[in-house]
Amino acid sequence: MAAVLEARGLSKSFGGLQAVVDIDFSVAQGEVLGIAGPNGSGKSTLFNILTKVPFAADRGAVLLDGRPIQRLRAHEIARLGVARTFQRESVFPSLSAVDNVLLAAEGARRGNFAANLAAAEQALDLAGFPATLHNMVAGQLPVFLRKLVMIASALALQPRVLLLDEPASSLTPQEIERIRDLIAKLVGEGMTILLIEHVLPLLTAVSDRLMVLDHGTLIASGLPADVIANPAVIEAYLGRER
Amino acid sequence: MDLQTLVSILESGAALGILYALMAFGLAIVWTTLGIFNFAHGAFIATGAYLAWQFGNAAGFGLGYWAGAILAVLAMFALGVVVQTLLVRPFERHRDIVLLTVITTLAGASIITNLLNVIWGPRMKQIEPALGGEVTVGLVHVRSQELVMVVVVAATLFAIGWFLLRTPLGRSMRAVAQNREAAQLMGLDVRLLYALTFGLAAAVAGLAGVFIGSIRFMSPTMGDDPLQKALVVVILGGVARFTSSIYAAFAVGIIEAFSTYFVGLYWTPAVLFGLMIAVLIIKPEGLFGRRQRSV
Ligand SMILES: Nc1ncnc2c1ncn2[C@@H]1O[C@H](COP(=O)(O)OP(=O)(O)O)[C@@H](O)[C@H]1O
Ligand SMILES: [Mg+2]
């Protein structure tokens, strides 16, 4: 199957620290590619250099539907359909929830106002955001709802591929359950997803394939069951962490 | 002090206040959006006045007051975009952007002021007001031009508020100010929005200049004092909301009017700066601080 998003030889260092080292991957239409690895292994940095927010890769190529995008500017990459959420919930705090999502709809399509508003409301519904809170100022929402606003904003871009960075972090078990259901629903609709998750059970439950980073390098990739049985992965997770 | 005096002090304070609100807006929106303090703001005010004089006055192109004002505001928008591109954008992602742009915008201010001197000369000029004469409002006589100013500035501030709150472009500008990175992910062109924001600030500064130039004599440094006042307003009011600097502007205008009456013109800046320092001591956590950065 043709790759929706493909990375070739992506690398990024900060001074002497090699945060991402020569990473290759590709994700096919409708596939969920899970990305695991201990804290500081370079997962978020990988998303940063894929989206160029806030910085680009030092080396390597990114292809969206076969077309190189690493030369484009960040907002152009977003408009072409690479949507992403941040690890920390990140919204426009003094804008209402629906205005947050409306911005994404406007940024992506330049349709008329009514169409954009409808798209924004639809994205909020899809994310499971309560309809009664659409006009609440985003900065005053609880963490979970801010995460939903962030996911809805990404969905309102009508992305080709959705990059989720630890969507379950700092949530309660019930909320994590709802995030899992949401991801399952998106997968059911054929969304292509890159999912970073530190918590392995959630990751293995929804991913078609897994890749594991350690110190910025790819140490394992393949089917989830094989990857979590891989001694190098066990070592990376258990050996150093506790 | 009789009632007549009190009312006339309040009236001149309110007229100053609304002008300060206009000047502070540009500083505040540039600070909240680009995270820099634009020291060329005063030079923008002066340039707006000279351009309006050149376009509008009989001694210039003679297009009339309103055509001159509109053309000046449009030209100031373009100048703002140019200044942002040359003096601010190169340092955008730099760690020391605040300090670097203090220097570059000061340099810009000095260049612009010198150009005004070269082009229009140091001789005092004044823009012929849109309306001459005086009108009586309640207890006081005011210059018609001041009334025109109050009406136009109030309408402008309302229009800007409406633009920021209700239009997609205004929403995008607020979003970029609040969260640059999220804005990029939403497909917003941050570079373009920064330039537009700076252009808007310059255009509004230019409008302030048009009004100052039609109630006082113009000089290339005529923006220096307004820049100081706008700084006081922004620090007093904070930048948490569009409206907070408007309230602060009226407060500063009225304090200035009373202080001018009781303490005298020359001590009034000291009174205002003393007040500003007191506010900074009592609320140091950032009336100007990042935590309140939003529009
Ligand atoms: N902007 C940055 N400047 C310097 N170092 C960074 C920056 N971002 C990330 N790092 C470093 O890069 C490494 C990978 O970080 P990150 O990608 O956030 O890891 P993960 O998301 O897997 O926990 C870490 O050592 C981190 O400290
Ligand atoms: Mg991370």
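This is a short tour of a predicted model, with stops at a ligand site, a stretch of loop, a second loop and a pair of packed helices.

**Stop one: ligand 1**

Begin by selecting ligand 1 together with the residues that surround it, which are F14(A), L17(A), A19(A), P38(A), N39(A), G40(A), S41(A), G42(A), K43(A), S44(A), T45(A) and F55(A). If you colour this shell by class, you will find five nonpolar, six polar and one charged residues.

Next, keep ligand 1 in view and display the backbone atoms of G40(A), where a polar backbone atom is 2.7 Å from an oxygen atom of the ligand. Moving along the chain, you come to S41(A), which has a backbone N or O atom 3.2 Å from an oxygen atom of ligand 1, and then to G42(A), whose backbone N or O atom lies 3.1 Å from an oxygen atom of ligand 1. With these contacts drawn, switch on a surface for the protein, which covers 62% of the 560 Å² of accessible area that ligand 1 has on its own.

Which elements of chain A give two or more residues to the shell around ligand 1? They are β2 (17-28) and α1 (43-51), and the largest share, three residues, comes from α1(A).

**Stop two: the loop between α1 and β4 of chain A**

Now select K52(A), which is placed in the loop between α1 and β4 of chain A and has a positive phi of about 65 degrees although it is not a glycine. Then select V53(A) and P54(A), which are joined by a cis peptide bond with omega of about 0 degrees; P54(A) also has its place in the loop between α1 and β4 (59-64) of chain A.

**Stop three: the loop between β7 and α6 of chain A**

Staying in chain A, select E166(A), which lies in the loop between β7 (161-165) and α6 (173-188). When you inspect its backbone, you will find a positive phi of about 45 degrees, although E166(A) is not a glycine.

**Stop four: two helices of chain B**

Finally, turn to chain B and select helix α2 (residues 41-56) together with helix α8 (residues 190-215), which pack with their axes 7 Å apart and at an angle of about 60 degrees. Because of that angle, α2(B) is oblique to α8(B). If you rotate the view to look through one helix onto the other, the crossing in which α2(B) passes α8(B) is right-handed.

Key. Residues numbered from 1 in each chain as written. Chains lettered and ligands numbered in written order. Predicted model: local features only at pLDDT ≥ 70, side-chain atom pairs only at ≥ 80, totals over all residues. Heavy atoms only, no water. Near = heavy atom within 4 Å. Polar contact = N/O pair within 3.5 Å; in protein donor to acceptor, adjacent residues only side chain to side chain. Areas by Shrake-Rupley, 256 points an atom, 1.4 Å probe, with all protein chains shown as cover. Helix = DSSP H or I, 4+ residues; strand = E, 2+ residues; numbered from the N terminus. Nonpolar A, V, L, I, M, F, W, Y, C, P; charged D, E, K, R; others polar. Axes fitted to C-alpha atoms, helices over the stretch in contact; angles between N-to-C directions. Parallel < 35°, antiparallel > 145°, perpendicular 65-115°, else oblique. Left-handed = near helix turned anticlockwise from the far one by under 90°.
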